[in-house]
Amino acid sequence: MCVRAHEAGALHGNDASPTWLPYPDDVNALIPGLWSRQTTREESGQMSFGGVPARDLLANHGSPLLVVDEADFRSRAREFKNEFAAAFAPLNGASIFYAGKAFLCTSVVRWVREEGLNLDVCTGGELAVAKAAAMPGAQIAFHGNNKSDQEIRAALEYGVGRLVIDSLEEIDRVADIAAALGVQAPVMLRVTAGVEAHTHEFIATAHEDQKFGLSLTGGVADEAVRLVLERSELNLLGVHSHIGSQIFDVGGFEIAARRVIDLLVRVREEHGVVLPELDLGGGFGVMYNTQHAPKTPAELAPLLAEIVREQCGDFPYPHLSFEPGRAIVGPAGTTLYTVGTVKNVQVSGAHKRLYVSVDGGMSDNIRTALYDADYSCLLASRTSPVDPAVVRIVGKHCESGDIVVKDEYLPADVHRGDIVAVPVTGAYCYSLASNYNHVPRPAVVSVGQGESRLMVRRESEADLLALDAGVSESVREAR
Ligand SMILES: Cc1ncc(COP(=O)(O)O)c(C=O)c1O
């Protein structure tokens, strides 16, 4: 039998908590840095978000609910823009592209536009959202490893500022579509730098066993440059590299920057062309729990600027771009759930775990099941004087892997009707949401200055049936 030691000593050794999870001094307290910036606990004991109490949010918008702190999003977007602009000013400047895949709707596009950032999209659907919110084409980068002709045409017709080519076969397709439209397509080449970075680790490898980009090893990226330069319908702006996600260590960026700048140097030698742009992608980590200590934009920007300065040597500094998604929207989002069934389960020997079922789950947050993510949570509707117990927050889906929060301490008297808040759910939760078990997707609201505003309405059963061609008109009308 495996008996785990507990950081807080033998007294707490009988629960089923992982060793990294600290026993809380105060199970009702907000851990600094973990919650969106306008989150507080009121004197009544309720948590409030942007000045709106948790119970009011659910009473007005239903449960579960994704709550996005607008001021938090805007301030993080601004910090990236300003800190990177300042750090790269002595080089050749830097632009920030918000990665829409993290979470996109027209309100978010508007915030991005108003804060002076650019936008990264990777499908025709994301481009449609950008267009619906009047994001200027020149401020959009269009990615994708398998773009359809329609997507390429839509991007060029809208006048995107850069189309990021991902494969050799795409080069002629983009050039032919640009020729048919009578435009010159501004393009970048996504290269695979042979660096895989996740969390605290990165691996630098010789080969790149993945679907994205043009390999630097074996000369595929060099061949792509040659092919692009041969087509007058294409204007090659530069190269792009994205090395991974939830990264805390800039070492991976250093190796990637060295390898892509080497390519820029070879392009100058072989073609006499100095490419003006370099995009080092996104992937900056966030704090999902006490294990994570992300760097702020003010800390990251000078480190990355120094890397670029060093790797360029006497090569003219390109204009840099970065594409943070998670680090802007992740911490701004909190999911509120209502507690249903609570079960105390004997897991092994003396170990017990309190299973707390909520009214959402893997359909609104698949990250725990998909990436083994470790989330945290708090009781949002009240405080409790009762001792903490280790809980597992699970959803309502017909799947034992339907877990939202694997391990956290909550007051042991957590019960039906309580509200549980899960922080840092702004990124890759709603954008990866599904209708599994025909559970409608939750509403998304923004909060600030004591008010909440609907960003995306809750799906209804009628929405779920709307695509079902077998539903007769009479049934549809009766609903
Ligand atoms: C090309 C590219 N840019 C930016 C991002 C955003 O990454 P993150 O949200 O981790 O910053 C991704 C994420 O997959 C990506 O593939």
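Colleague: How many residues surround the ligand, and how do they divide into nonpolar, polar and charged?

Modeller: This is a predicted model, where local features need pLDDT of at least 70, side-chain atom pairs count only at pLDDT 80 or more, and totals for chains, interfaces and linings use all residues. Residues are numbered from 1 along each chain as its sequence is written. A residue is near the ligand if its C-beta atom, placed from the backbone, lies within 6 Å of it; the closest are Ala99, Gly282, Glu323, Gly325 and Arg326. With Ala, Val, Leu, Ile, Met, Phe, Trp, Tyr, Cys and Pro as nonpolar, Asp, Glu, Lys and Arg as charged, and the others, Gly among them, as polar, the 17 residues divide into six nonpolar, seven polar and four charged.

Colleague: Which strands stand at the edges of the open sheet of three strands?

Modeller: Strands are DSSP runs (E, at least two residues), numbered from the N terminus, and two pair if DSSP finds at least two bridges between them. The order is S1-S2-S3, with antiparallel pairing. Each edge strand has a single partner, so one side is left without a neighbour in the sheet: these are S1 (39-41) and S3 (52-53).

Colleague: Which residue in S3 stands opposite phenylalanine 49?

Modeller: Strand S2 covers residues 47-49 and pairs with S3 in the antiparallel sense over two bridges. Opposite phenylalanine 49 stands valine 52.

Colleague: What percentage of the protein chain counts as buried?

Modeller: A residue is buried if 20 or more other C-beta atoms, placed from the backbone, lie within 10 Å of its own. Of the 479 residues, the share is 47%.

Methods
Helices (H or I, at least four residues) and strands (E, at least two) are DSSP runs, numbered from the N terminus. A residue is buried if 20 or more other C-beta atoms lie within 10 Å of its own, exposed if 12 or fewer, and partly exposed in between; C-beta atoms are placed from the backbone.
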